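Reader: Could you walk me through this one? I'd like to go through the metal sites and then some helix packing.

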Amino acid sequence: MAYRAEYIWIDGTEPTPLMRSKTKILADGAEPGIWGFDGSSTNQAPGDNSDCVLNPVYTVPDPIRGGNDVLVLCEVLLPESFEPHPTNTRAACVEVADKFASFEPLFGIEQEYTFFKDGRPLGWPQEGYYYPAPQGPYYCGVGAVEIAGREIVEAHTTACIEAGINISGTNAEVMLGQWEFQVGPSGTVEVADELWMARYLLYRISEDFGVNASISAKPIKGDWNGAGAHTNFSTNQMREGYDAIIAACEAIGGPGKVEEHLAGYGHGYEDRLTGLHETAHYSQFRYGVSDRGASVRIPWQVAKDGKGYIEDRRPNANIDPYVVTRLITNTVCSAATP
Ligand code: ADP
Ligand code: MN
Ligand code: MN
Ligand code: MN
């Protein structure tokens with residue numbers, strides 16, 4: 001029987017790209033191959049030369065449609081040359097991952113996000129002063145007062161597991177209506193492919209609930225937590241000894257590196273990295289054990305064991321993970337290359 005392949009890609013919308021998808025019906029036994037789309041409708045091409053190419057890079061069973069149907073994450077290529085499109089950040093990520101493969105980098109990314117309905121975060125009051133009680137009871141909360149949207153979170157988690165995505169956990173966040181899921185540990189390119197696919201499933205499943213899942217970095221101004229994408233990272237050397245852990249922190253904070261990394265850590269990081277709400281100010285770089293006010297945190301267990309991984313707390317929820325994992329892999333592994 002024929003089956004459906006949902007082709008998914010990342011568009012050219014500035015400053016934060018959107019995800020797009022369309023359906024291809026394939027004959028029984030046919031593989032999802034190269035396809036195309038109208039780049040003039042996605043901020044990826046002018047109208048008079050609009051064709052862009054979709055090249056499948058990561059295919060999983062479609063947990064929404066079921067059966068033999070699949071989800072196909074694609075990179076975007078230019079027609080004729082088949083070179084990477086300017087919006088294709090994956091190609092450069094693959095290059096760095098290949099160059100430093102001997103370091104066996106692993107990433108775990110914590111994707112925070114906020115549900116919105118009727119123009120306000122899910123669960124926020126529809127009348128009166130519109131704001132819920134101040135932050136405090138919501139993080140990892142339980143109960144109808146503390147929680148909004150759990151049914152969507154559960155459906156999304158089940159879908160990720162059924163798709164074979166390496167999802168490692170979920171939790172309710174500090175602001176009411178805000179949540180987190182984690183993917184990893186997976187490789188430099190793999191974790192980013194998985195995160196984009198998991199985001200697609202989040203948007204798609206939330207759509208069925210009439211809710212918008214937003215990865216805005218500071219969805220509500222004021223005394224409300226922003227949304228990040230803390231990026232946990234290790235190499236084989238870091239998983240074996242503490243010197244490599246410190247060397248990685250020093251490399252990430254090295255000359256020119258703070259600015260280079262921040263430029264790739266997501267639109268509007270200045271609004272989120274204020275020095276409040278469990279962040280370090282973006283203009284200051286500091287690392288420390290158990291320090292949730294640091295730029296880079298060394299988990300206490302890692303300090304105790306003398307090996308493990310580090311957490312870069314600066315990336316925004318709205319990052320392009322291909323950019324972030326490329327930057328960290330390149331900076332840490334270059335510095336560790338004799
Ligand atoms: P936090 O305490 O900051 O909320 P989480 O439990 O949300 O931490 O996320 C930790 C992430 O780190 C998970 O995605 C996990 O898979 C990842 N992780 C664990 N060990 C490693 C490792 N050695 N290298 C890279 N990432 C790792
Ligand atoms: Mn977390
Ligand atoms: Mn969190
Ligand atoms: Mn974290």
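Reader: Which residue bridges the manganese ion (ligand 4) and the manganese ion (ligand 2)?

Author: Keep in mind that this is a predicted model. The two ions, ligand 4 and ligand 2, lie 3.9 Å apart. The residue bridging them is Glu110.

Reader: What are the protein donors of the manganese ion (ligand 4)?

Author: They sit 2.0 to 2.5 Å from the ion, and the donor residues follow the spacing E-x119-H-x80-E in sequence. Glu110 belongs to strand β6, while His230 is in the loop between β10 and β11, 120 residues apart. Both Glu110 and His230 are buried. The donors are Glu110 (OE), listed twice, His230 (ND1) and Glu311 (OE).

Reader: And which residue coordinates both the manganese ion (ligand 3) and the manganese ion (ligand 2)?

Author: Ligand 3 has Glu112, Glu173 and Glu180 as its protein donors, 2.1 to 2.2 Å away, with the spacing E-x60-E-x6-E. Glu173 and Glu180 are both buried. Ligand 3 and ligand 2 are 3.9 Å apart, and the residue that coordinates both is Glu180.

Reader: On to the helices: is α3 roughly parallel or antiparallel to α8?

Author: Helix α3 (residues 188-208) and helix α8 (residues 321-335) have axes 9 Å apart and pack at about 160 degrees. Angles over 145 count as roughly antiparallel. So α3 is, relative to α8, roughly antiparallel.

Reader: How many nonpolar residues does the contact of α3 with α8 have?

Author: From α3, residues including Val189, Leu195 and Trp196 meet a set in α8 that includes Pro321 and Tyr322. The contact also has three polar and three charged residues. The nonpolar count is seven.

Notes:
Residues numbered from 1 in each chain as written. Chains lettered and ligands numbered in written order. Predicted model: local features only at pLDDT ≥ 70, side-chain atom pairs only at ≥ 80, totals over all residues. Heavy atoms only, no water. Donors = N, O, S within 2.8 Å, 3.2 Å for Na, K, Ca; no water. Helix = DSSP H or I, 4+ residues; strand = E, 2+ residues; numbered from the N terminus. Buried < 20%, exposed > 50% of the residue type's maximum accessible area, 1.4 Å probe, protein only. Axes fitted to C-alpha atoms, helices over the stretch in contact; angles between N-to-C directions. Parallel < 35°, antiparallel > 145°, perpendicular 65-115°, else oblique. Contact = heavy atoms within 4.5 Å. Nonpolar A, V, L, I, M, F, W, Y, C, P; charged D, E, K, R; others polar.
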